[in-house]
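Let's walk through this model together, with an eye on its pockets and on how confident the predictor was. Have the structure open as you read.

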Amino acid sequence: GNAFNAIAGVPAYRQIIDMTTPPMKMEGVVIWETVYMQVDGKWNKVQLKPGGRKGMLNEIMKTSSVFDCKELRAETLPAGRTKVYEYMMSPPKGMPGVSDKPAKHTVWIGVSDGLVHKMVAENMTIDLSFDKQVPPIP
């Protein structure tokens with residue numbers, strides 16, 4: 001949970017979401033409380049209210065359960081040294097169209113910054129970068 005809380009506190013980050021089922025690639029840029037998402041080559045902008053990023057994370061953590069967490073190995077990513085963990089997570093309760101069956105997740109957490117740099121779930125890979133971000137659209 002601490003690594004995800006850390007993401008909610010950084011000024012900006014970019015995430016690339018690659019899904020296999022259905023096949024889809026999305027890109028997101030988050031700068032403070034503004035979220036930019038690109039789907040099918042088109043960018044959209046959503047302005048969150050103050051504390052919105054932290055609020056979304058808190059809601060997911062409250063309505064999900066994480067268990068069977070274990071450290072697997074150390075690994076080096078382009079961002080640096082990481083520790084790789086595996087855990088089971090039940091999806092947030094009450095999400096329409098989402099199975100309530102727990103799924104295995106693997107997460108790469110930076111040794112020096114404590115941030116999540118990569119996440120893999122059943123049909124999805126998310127890569128995150130925390131260098132300076134520029135709004136893709138006004």
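To follow the make-up of a pocket lining, note how residues are classed here: Ala, Val, Leu, Ile, Met, Phe, Trp, Tyr, Cys and Pro count as nonpolar, Asp, Glu, Lys and Arg as charged, and the others, Gly among them, as polar.

What you have in front of you is a predicted model, so a look at confidence is a good place to start. The protein averages a pLDDT of 91, and 96% of its residues score at least 70. Confidence is highest in strand 4 (residues 42–47), with a mean of 96. At the other end comes helix 2 (residues 52–63), where confidence is lowest, at a mean of 85.

Now turn to the largest pocket, which holds about 1600 Å³ of space. Its lining is made up of 43 residues, and if you want to find its centre, look for F4, I60, M89, M119 and I126, which lie nearest to it. What classes of residue form this lining? Of the residues there, 32 are nonpolar, eight are polar and three are charged.

The second largest pocket offers about 170 Å³ of space. You can trace its lining through L77, P78 and A79, then H117 and K118, and on through D127, L128, S129, F130 and D131. Strand 8 (116–121) and strand 9 (124–129) each supply at least two of these residues, and strand 9 gives the most, with three. By class, this second lining has five nonpolar, two polar and three charged residues.

Note on methods: Residues are numbered from 1 along each chain as its sequence is written. This is a predicted model: local features need pLDDT of at least 70, side-chain atom pairs count only at pLDDT 80 or more; totals for chains, interfaces and linings use all residues. Side-chain values use heavy atoms; hydrogens and water are left out. On a 1 Å grid over the protein atoms alone, a cavity is a set of points where a 1.4 Å probe fits but cannot get out, and a pocket is an open set with protein on both sides within 12 Å along at least five of seven lines; lining residues have an atom within 4 Å of a point. Grid points are joined across faces, edges and corners, and a volume is the space filled by probe spheres set on the points. Helices (H or I, at least four residues) and strands (E, at least two) are DSSP runs, numbered from the N terminus. pLDDT is the predictor's confidence in each residue, from 0 to 100.
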